[in-house]
Amino acid sequence: MKVCGIELKGSEARMVALEGTIDDYRVVATTMDRVKIGDSKDQKSVQAFHQQVIEFFDAEDFTAIGIKERMTKGRFSGGALTFKMEALMQTSDYAIQIIHVATIKSKLKNIEYDEELVNKYQGEAFRVALYLLETI
């Protein structure tokens with residue numbers, strides 16, 4: 001099984017690909033570990049972001065793809081741009097799950113994992129990918 005965990009933060013999508021099972025997995029070297037959207041008001045920049053993401057999904061052939069959910073209201077709410085990026089990803093032909101952070105934490109609370117397998121900025125995406133391995 002090959003899964004992709006995604007965290008949307010600021011103007012970039014941070015991604016981690018894992019292969020295997022929750023008990024025996026490895027980080028997969030992929031063509032990209034993050035992609036930025038340029039000027040979100042410029043149609044060509046938005047289209048370029050969308051194209052890069054779709055090409056990434058096509059090239060990697062994931063079994064499951066998950067995105068860490070962001071709050072829509074309140075102090076910790078996600079920025080408008082992250083919701084735009086999420087929508088662009090969801091227009092693909094791939095099934096993409098939006099996963100609440102509390103759900104991820106509860107599934108992984110009894111599982112040992114080493115976050116040093118990925119770059120520090122990929123930590124949340126790594127946990128999303130682990131969640132996918134645990135539930136699929």
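Q: In which sense do strands E2 and E3 pair, parallel or antiparallel?
A: In this predicted model, strand E3 covers residues 25–27 and is joined to E2 over three bridges. A hairpin of four residues connects E2 to E3, and Leu18 has Val27 in E3 as its bridge partner. The sense of the pairing is antiparallel.

Q: How many bridges join strand E1 to E2?
A: Strand E1 spans residues 2–9 and runs antiparallel to E2. One of the pairs sets Ile6 opposite Met15 in E2. The number of bridges joining E1 to E2 is eight.

Q: Which residue takes a positive phi in the hairpin of E1 and E2?
A: This hairpin has two residues between its strands. One residue there has a phi near 60 degrees, and that residue is Gly10.

Q: Which residue of E4 is the bridge partner of Ala13?
A: Strand E4, residues 34–36, is joined to E2 by three bridges, and the two strands run antiparallel. Within E4, the partner of Ala13 is Val35.

Q: How many of the nine residues of strand E2 are buried?
A: Strand E2 comprises residues 12–20 and is mostly covered. A residue counts as buried when its relative accessible area is under 20%. By this criterion, the number of buried residues in E2 is eight.

Q: Which element gives the most residues to the largest nonpolar core?
A: The largest nonpolar core has 22 residues, and Ile6, Phe49, Phe57 and Met89 have the most contacts inside it. The elements giving two or more residues to this core are E1, E2, H1 (43–60), E5 (64–68) and H2 (80–90). With five residues, the element that gives the most is H1.

Q: How many residues are in the second, separate core?
A: This core includes Ile99, Ala125, Leu132 and Leu133. It is separate, and its number of residues is 18.

Q: Is Glu60 buried or exposed?
A: Glu60 lies in helix H1. Its side chain makes a polar contact of 2.9 Å with the side chain of Lys2, and beyond its sequence neighbours up to four places away, Glu60 touches Lys2, Thr30 and Thr31. Because its relative accessibility is 9%, Glu60 counts as buried.

Q: Which residue forms a salt bridge with Arg34?
A: Side chains of opposite charge can pair when their charged atoms come close. For Arg34, the closest N and O atoms of the pair are 3.7 Å apart. Arg34 lies in strand E4 and its partner in strand E2, so the pair ties together parts that are 22 residues apart in sequence. The partner is Glu12.

Q: Is Arg34 buried, partly exposed or exposed?
A: Its partner Glu12 is buried, with a relative accessible area of 8%. Because the relative accessible area of Arg34 is 39%, Arg34 is partly exposed.

Q: What is the N to O distance in the salt bridge of Arg14 and Glu7?
A: Both Arg14 and Glu7 are buried. Their side chains meet in a salt bridge, one of the nine found in a search of the whole structure. The N to O distance is 3.9 Å.

Q: Which residue of helix H4 forms a salt bridge with Glu115?
A: Glu115 is in the loop between helix H3 (101–108) and helix H4 (123–135), and its partner in H4 is 12 residues apart from it. Glu115 counts as partly exposed at 33% relative accessibility, whereas the partner is buried at 17%. The closest N and O atoms are 2.1 Å apart, and the partner is Arg127.

Terms used: Residues numbered from 1 in each chain as written. Predicted model: local features only at pLDDT ≥ 70, side-chain atom pairs only at ≥ 80, totals over all residues. Heavy atoms only, no water. Buried < 20%, exposed > 50% of the residue type's maximum accessible area, 1.4 Å probe, protein only. Pairing = 2+ DSSP bridges. Core = buried A, V, L, I, M, F, W, Y, C linked by side-chain atoms within 4.5 Å. Polar contact = N/O pair within 3.5 Å; in protein donor to acceptor, adjacent residues only side chain to side chain. Contact = heavy atoms within 4.5 Å. Salt bridge = Lys/Arg side-chain N within 4 Å of Asp/Glu carboxyl O.
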